[in-house]
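Reader: I'm new to reading protein models. Could you show me one and let me ask some basic questions about it?

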Amino acid sequence: MDGIVIVDKPRDWTSQDVTARLRRVFGTRRIGHGGTLDPMATGVLPVFVGRATRGVEFFEHAEKTYEATLRLGLVTDTEDITGTVLEEREVQLSEPEFLGILPKFRGEIQQIPPMYSALKVNGQKLCDLARKGREVERQPRPVTIFELECLSFSGREARLRIRCSKGTYIRTLCRDMGAALGCGGCMAQLRRTAAGAYGIHEAVPLETLLETDTPEQYLRPVDSLFAQYPPVKLTPRQELRCRNGNAFSLPIPDGTYRVYGGGGEFLALSRVENGVMSTIKSFFSVP
């Protein structure tokens, strides 16, 4: 089976837990996921099955959208409510005061990755070092917050909607917002509502996948990953050259295309430059 299943990840499961179970469900070891979610987080986790795993690299830079709850007045070592409490402070903030801080965190910002993360420094995961009580220097990294909206504010908590670039830590965003407000803060809840073109409305609960006898019904075609690119159908001769990995003439505008064979099979993601088509990545089945 080949394709992409959009999983609604439950709380307390790691992304690796999900892929490990789905290997048994789909009967293949060729499975990968499109972007790690913290165990406490829920929501959209695209899982690539079979030949679709060849597309994971193209999903790495996809934008993500989240709904998060920021708990003000609480600082923890993990930057979320699952961690050890380091500080508790009183919160005396009006909603206009809170909303006034949001523009500071829109656009390109710098983030220092949290110690409790899978990021590696000198070959070691930061979370492994943190569990040993060690803290190492981390360099700030640029990330982009395309949208940051307050959905509700109760004085102690704020529900946020965030659309951001790859590599953004929502926990760290919550921590930094709390620090900027002077009262401290951490992440209390997190739900990913979109990853790339895939939204929560098309996500399948993990429990459903584990219980079904026909998991293939939930697989989306591999080419759905590249829906933003126009399709091109090849002639038999062009298809043969494509399958052999050869470039060939094709008088169409320069750009990136989804390429299909005469029978409708998705063959490749390809690029045309100066009237010549070449393969970026092939996805056809090999007999």
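Reader: In what order do the 5 strands of the open sheet run?

Author: Keep in mind that this is a predicted model. The pairing in this open sheet is mixed, and strands of a sheet can pair through backbone hydrogen bonds in either the parallel or the antiparallel sense. Reading across, the order is 15-17-18-19-16.

Reader: Which strands are the edge strands?

Author: Look for strands that pair on one side only. That description fits strand 15 (231-233) and strand 16.

Reader: What is the bridge partner of Val 232 in strand 17?

Author: Strand 15 and strand 17 (residues 255-260) are joined over 3 bridges, and they pair in the parallel sense. In strand 17, the partner of Val 232 is Val 259.

Reader: Now helix 7: which strands do its buried residues pack against?

Author: Start with who is buried in helix 7 (residues 236-243): Gln 238, Glu 239 and Cys 242. They sit on the same side of the helix, because they cover an arc of only 100 degrees around the axis. On the other side, Pro 236, Arg 237 and Leu 240 are exposed. The buried ones pack against strand 16 (248-249), strand 18 (266-273) and strand 19 (276-282).

Reader: Which residue just after helix 7 takes a positive phi?

Author: You'll find this one just past the end of the helix, with a phi of about 80 degrees. The residue is Gly 245.

Reader: Why is there no bond between the sulfurs of Cys 164 and Cys 174?

Author: A disulfide needs two cysteine sulfurs within 2.5 Å. Cys 174 isn't in one with Cys 186 either, whose sulfur is the nearest to that of Cys 174 at 7.7 Å. For Cys 164, the closest cysteine sulfur is the one in Cys 174, and that is too far for a bond, at 11 Å.

Reader: So how many disulfides does the count come to?

Author: Both cysteines we just met are buried, Cys 164 at 0% relative accessibility and Cys 174 with a relative accessible area of 1%. Still, the count of disulfides comes to 0.

Reader: Which residues touch the most other members of the largest nonpolar core?

Author: In soluble globular proteins, nonpolar side chains tend to be buried together. The largest core here has 43 residues. Beyond its neighbours within four places in sequence, Phe 98 is in contact with several residues, including Leu 70, Phe 153 and Met 177. The ones that touch the most other members are Leu 22, Phe 98 and Met 177.

Reader: How many residues does the second, separate core have?

Author: Among its members are Phe 59, Ala 195, Leu 269 and Phe 283. The number of residues in this second core is 17.

Note on methods. Residues numbered from 1 in each chain as written. Predicted model: local features only at pLDDT ≥ 70, side-chain atom pairs only at ≥ 80, totals over all residues. Heavy atoms only, no water. Buried < 20%, exposed > 50% of the residue type's maximum accessible area, 1.4 Å probe, protein only. Helix = DSSP H or I, 4+ residues; strand = E, 2+ residues; numbered from the N terminus. Arc of directions from axis to C-beta. Contact = heavy atoms within 4.5 Å. Pairing = 2+ DSSP bridges. Core = buried A, V, L, I, M, F, W, Y, C linked by side-chain atoms within 4.5 Å.
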